[in-house]
Amino acid sequence: MSALTYKCPNCGGSMVFDPKQQCFSCEYCLSAFRREELEPPQSDQSDETNESGQADQALLYTCPACGAAIAMDQTTAAGFCYYCHNPVVLSGKLSDRQAPSLVLPFQISREAAEERFLSWIGHKKYIPPAFFSRTQLEKLSGVYFPYWTCSCTMEGTLSGTATDLRVWRTGDTEYTETKTYSIQRSGRITLSDLSRNALQKAQVRMLEGILPFDLTKAERFHPGYLSGFQAEVKDMERETFESVVREEAESHAKKLLMDTVAGHGRFSVENFHTAEQSSVWQYVLLPVWILTYRKNEELYYFAMNGQTGEICGRLPIDYARLAAACIGIFAAVTAAFTLAGGLLL
């Protein structure tokens with residue numbers, strides 16, 4: 001399986017994708033190029049095998065820049081050489097069924113991601129001081145994660161009963177008027193980019209908590225977009241998600257039809273039905289900034305949408321600071337009650 005690196009046409013240095021400029025830049029001579037201007041990548045064509053002798057399941061690869069053997073997980077498609085830090089793309093893992101249809105390039109640079117992250121945690125209380133450190137921010141990694149997305153069109157019908165209640169009083173008499181209406185709704189509903197994480201080892205709640213992405217800005221897949229980032233490939237097929245995505249689509253369709261019933265006090269659904277007209281599934285790589293933090297034996301994960309900046313994660317708690325704050329509040333309340341008692345006496 002070959003490993004690729006993209007070289008600068010001007011100086012031969014390693015090139016990476018620059019989210020801020022939306023182009024490919026050389027870290028040495030600072031040249032910038034569009035995707036169409038990239039020269040064919042330098043590759044190492046040797047096949048490394050694991051203990052089972054299967055090249056497609058290899059864990060060892062040769063860095064095209066320094067010749068060192070680098071080890072990566074079976075689902076990893078892009079990363080860095082541990083020795084020369086050269087960005088490496090494993091082309092063999094992006095061929096055939098593993099090749100994505102689309103890739104959404106990073107829109108948020110590393111510097112901007114750090115600023116957003118610091119702003120986010122700056123509003124949180126009782127966070128360990130080490131969580132703000134430069135050493136912690138250096139762990140921030142840009143990763144392309146695999147997702148399955150589905151866009152579908154369906155015919156939906158909904159029927160039910162709406163009830164309006166009016167109460168008024170004339171003199172000593174109270175009147176109640178109840179009106180009921182039979183309501184029917186139908187229409188063609190189109191839903192776009194219902195997404196599901198396609199990597200088993202990933203933190204599912206975290207990666208789905210930063211949805212949605214705007215796939216109108218996605219590009220036809222080119223491995224050059226992965227240079228300078230880490231990337232994972234899918235190990236879950238779309239069949240895994242078809243039933244749950246259909247349920248989600250039906251839920252969205254039902255809500256859209258119910259939203260057309262306005263101006264009534266209460267509406268009860270009696271019948272709801274959908275018939276799918278078409279669906280298109282796509283395997284895409286989406287940009288995510290990942291940060292991890294270990295406190296004692298527990299590992300905390302944080303994810304930031306590499307396009308919108310949406311953040312999802314569980315923050316660690318500095319219990320010493322929390323205890324100090326509680327003691328301070330208790331002392332203040334006790335003093336207030338003591339003072340109040342003295343005044344009453």
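Here are four short exercises on this structure, which is a predicted model.

**Exercise 1: the length and faces of helix α1**

Work out whether the end-to-end span of α1 agrees or disagrees with its residue count, then find which residues of α1 are buried and which are exposed.

Solution.
- Start with the count: α1 covers residues 110-122, so it has 13 residues.
- At 1.5 Å a residue, that should give a span of 18 Å. The end C-alpha atoms are 18 Å apart, so the two values agree.
- Now pick out the buried residues, which are A113, E114, F117 and I121.
- Look down the helix axis: these buried residues fall within an arc of 100 degrees, so they line one face of α1.
- Turn to the other side of α1, and you'll find E111, E115 and G122 exposed.
- Last, ask what the buried residues pack against. Their partners are α2 (134-137), β15 (266-295), β16 (298-305) and β17 (311-313).

**Exercise 2: placing N86**

Decide where N86 sits, whether it is buried or exposed, and what its side chain touches.

Solution.
- Find the spot in the chain: N86 is in the loop that links β8 (76-80) and β9 (87-90).
- Check its accessibility. The relative accessible area of N86 is 5%, and the cut-off for buried is under 20%, so N86 counts as buried.
- Look for a side-chain partner: N86 and S14 are joined through their side chains by a polar contact of 2.2 Å.
- Widen the search beyond the neighbours within four places in sequence, and the contacts of N86 include T5, K7, C63 and F80.

**Exercise 3: a three-stranded sheet**

Sort out the strand order in the sheet that holds β3, and say which strands stand at the edges.

Solution.
- Write down the order first: β2-β3-β4, an open sheet with antiparallel pairing.
- The edge strands are β2 (15-18) and β4 (32-33). Each has a single partner strand, so one side of each has no neighbour in the sheet.
- Zoom in on one pair: β2 and β3 (residues 23-26) run antiparallel and are joined by four bridges.
- For a concrete example, take M15, whose bridge partner in β3 is C26.

**Exercise 4: the cysteines**

How many disulfides are there, and how do C23 and C312 class by accessibility?

Solution.
- Recall that a disulfide is a covalent bond between the sulfur atoms of two cysteines.
- Apply the cut-off, sulfur atoms within 2.5 Å, and the count is zero disulfides.
- C23 has 12% relative accessibility, so C23 counts as buried.
- C312 has 23% relative accessibility, so C312 counts as partly exposed.

Key. Residues are numbered from 1 along each chain as its sequence is written. This is a predicted model: local features need pLDDT of at least 70, side-chain atom pairs count only at pLDDT 80 or more; totals for chains, interfaces and linings use all residues. Side-chain values use heavy atoms; hydrogens and water are left out. Helices (H or I, at least four residues) and strands (E, at least two) are DSSP runs, numbered from the N terminus. The expected span of a helix is 1.5 Å times one less than its number of residues. Buried means under 20% relative accessible area, exposed over 50%, partly exposed in between (1.4 Å probe, protein chains only). The arc is that of the directions from the helix axis to the C-beta atoms. Contact means heavy atoms within 4.5 Å. A polar contact is a pair of N or O atoms within 3.5 Å; within protein, one must be able to donate a hydrogen and the other to accept it, and residues adjacent in sequence count only if both atoms are side-chain atoms. Two strands pair if DSSP finds at least two bridges between them.
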